Amino acid sequence: MDFTFPKEYELFRRMVREFAENEVRPLAKKVDAEHRVPFETIKKAAKLGLMGVPFPRKYGGSGAGETGYCILMEELGKVCTSTATVIGAHTGIGAMAIYLDGTEEQKEKYLKPLASGEKIAAFALTEAQAGSDAAAIKTRAVRDGDYYVLNGSKCFITNGDIADIITVMAVTDPSLGARGGVTAFIVEKGFPGFSIGTLENKMGIRGSSTAELIFEDCRVPKENVLGQFGAGFITFMKTLDIGRASLAAACLGGAQAAMEGAMRWAAVRSQFGVPIAQKQSVHFAIADMATEIEALRSLVYRTAWLIDTGQPHVKEAAMCKVYGSEVASRCINRALQIFGGMGYSREFWVERAFRDARIAEIFEGTSEIQRIVIASNLFREMGLRISP
Amino acid sequence: MRIIVPIRQILDPRGFTVSPRHERIFINREEYIINPNDKNALEVALSLKDAGEAEVIVIAGGQARLDDALREAMAMGADAAYLLTDEVLAKTDAAGVAEALARGIEKIGDFDLIVVGQETLDTADAQLGPWLAEYLGVAQVGGVRQASISDGVLRVRRNWGAGYAEVEVALPALLTVASGANKPRYPHGGRIMAAYREWQVITWNSEDLGLTAADLAPLTQGRGRAFPPERTLGERLTGSPQDVAAELVQQLRLRRII
């Protein structure tokens, strides 16, 4: 057993950290305040291969696997959750679905420009009546010659309005339901019948956009069926499993940054004549944060290793997601308490981090769904049948 | 066109603290980075490569850990890397490294341009450029900020007093690049992976370079370390502005400053 990162990952982390510090951090407050996507950062990230980190070099990616991708997310998560969200939705789920189940032609046509960052991806599953109950989607796809005609709408789609290429799940046979009746499609923003609906005005991650997508007789060529016809649910679930580990990596970064920020503050903030860092209550808070962060780090990178080595990882990815999002929220909350009134001020990053953290417990599968995934996998592993 | 860039490595200054009071350097994290000024030099070379046909080769001499610096340079865009290292080379000083690098460059073959960082951040060692120019017998331009090539002529912008001078240089030549001359590019994510997983660093030892331990015996010897005294606060003058000004002038006169 060897827990050290190979040297390429150490250098990769150093590069990403410098990029995050120099290029991402200076914009973090601004994009949140102005409620806009940091396109200038995306352009710079693309030049460095950071829009396709997990994908092989032959598809224009960095070939750094899930481990490298988690490093990117961790470092971005330290400075700007919005930027991590934009790149995460693009790479971790939007483009990932094409990488996992696309044909060679689809990878050539769609994955390459996505991995190089020339184009932006989104992943469209959620609908008004189908969130946690993903199998309840209503968007329909009906065959018409060489095309499928899509009708319906998706909501809460990260990058929805800025994406050039969107992976969409639609019902192709209502009688079969999730098992066999749902198909994934690759939709280009220019396809006739596709349009953007309302944009969400969110509590946090305001430097990322969240849109409603509308399909009105949207014509999608039949070669844009992603993965096996009727197996769209499997494609999407596989994609989400992988996305969960990297999402947790961003949470890890957020938690770490909150702890370090609180420590720096505690070392200079004096009350009762001494720095509050001397107070045992602060020690305890920091020790608890550090311990949870370290546990999360082990979980995230072990899961990344499982993914990179092609081993089963569904349960672990769900654990990453639920634990990661909750550790981030707890750590940022504790950090805010150490910052006191300063932490509540809009002038300071802690307030933004607090708002940004909350979404991680909700999107890409709520904490409740993750717990169901974990428990049902455990029952299966133990050979216990719990459904009749 | 072939451009050669020597690379040096320093202890990451973010990883240690200097305590003049304890007369000690506390190393919190022992990590080495490319000498920042050498990254400026590499950036000059890579921008020439971007602008036209050029091959950029990086070379380093000394300790085996320079391997990481060379791979980072390749990830930034260098095409090939040479590492000169063994027990003797690891123990030589700046002059020995310069001689080894000169031999290494000769062994690589023809070159058009050598681009060197003017100095190192750690010991402010600014010898490498002049040493190499002397060993290799090429013209040297110092304080370089930018370089461009058009119609086979190298044009260089260099520091000149409070401003700049534009000079044309005949090739082959050696440029020493001023620190902070540019903002070096980041290494590319995919190239980082390839630099460790696919690409090779060619390694030569002192024997390959035709150098013996005697050739590489250090010319300098470290005798000890001294720390500058801690700065003490000056004397604070108080009173009305007129009184303070008068007192200040008197004090400056007493100390023969004015």
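**Reading the sheet of chain B**

Analyst: In this predicted model, chain B holds an open sheet of nine strands, ordered β11-β10-β9-β12-β8-β1-β6-β7-β13, and the pairing within that sheet is mixed.

User: Which strands of chain B stand at the edges, each with a single partner strand?

Analyst: An edge is read from the number of partners a strand has. In chain B, β11 (163-169) and β13 (202-204) each have a single partner strand, so one side of each is left without a neighbour in the sheet. Neighbouring strands of this sheet are turned against each other by 35 degrees on average, with direction ignored.

User: In what sense do β1 and β6 of chain B pair, and over how many bridges?

Analyst: The sense of a pairing is read from the bridges between two strands. Here β1 (residues 2-6) and β6 (residues 55-62) of chain B are parallel, and five bridges join them; to take one residue as an example, Ile3(B) has Val56(B) as its bridge partner in β6(B).

User: Which strands of chain B does helix α2 touch?

Analyst: Packing is read from contacts, and the angle is then given against a chosen strand. Helix α2 (residues 66-76) of chain B packs on the sheet by touching β6 and β7 (80-85), and its direction makes about 170 degrees with that of β7(B). Helix α4 (residues 94-108) of chain B lies across β1, β6, β7, β8 (113-117) and β13, running at about 145 degrees to β6(B).

User: How many helices and strands are there in chain B as a whole?

Analyst: Chain B has seven helices and 13 strands, and 37% of its 258 residues count as buried.

How values were computed:
Residues are numbered from 1 along each chain as its sequence is written. Chains are lettered from A and ligands numbered from 1 in the order in which they are written. This is a predicted model: local features need pLDDT of at least 70, side-chain atom pairs count only at pLDDT 80 or more; totals for chains, interfaces and linings use all residues. Helices (H or I, at least four residues) and strands (E, at least two) are DSSP runs, numbered from the N terminus. A residue is buried if 20 or more other C-beta atoms lie within 10 Å of its own, exposed if 12 or fewer, and partly exposed in between; C-beta atoms are placed from the backbone. Two strands pair if DSSP finds at least two bridges between them. Axes are lines fitted to C-alpha atoms, for helices over the stretch in contact, and angles run from 0 to 180 degrees between N-to-C directions. Two residues are in contact if their C-beta atoms, placed from the backbone, lie within 7 Å.
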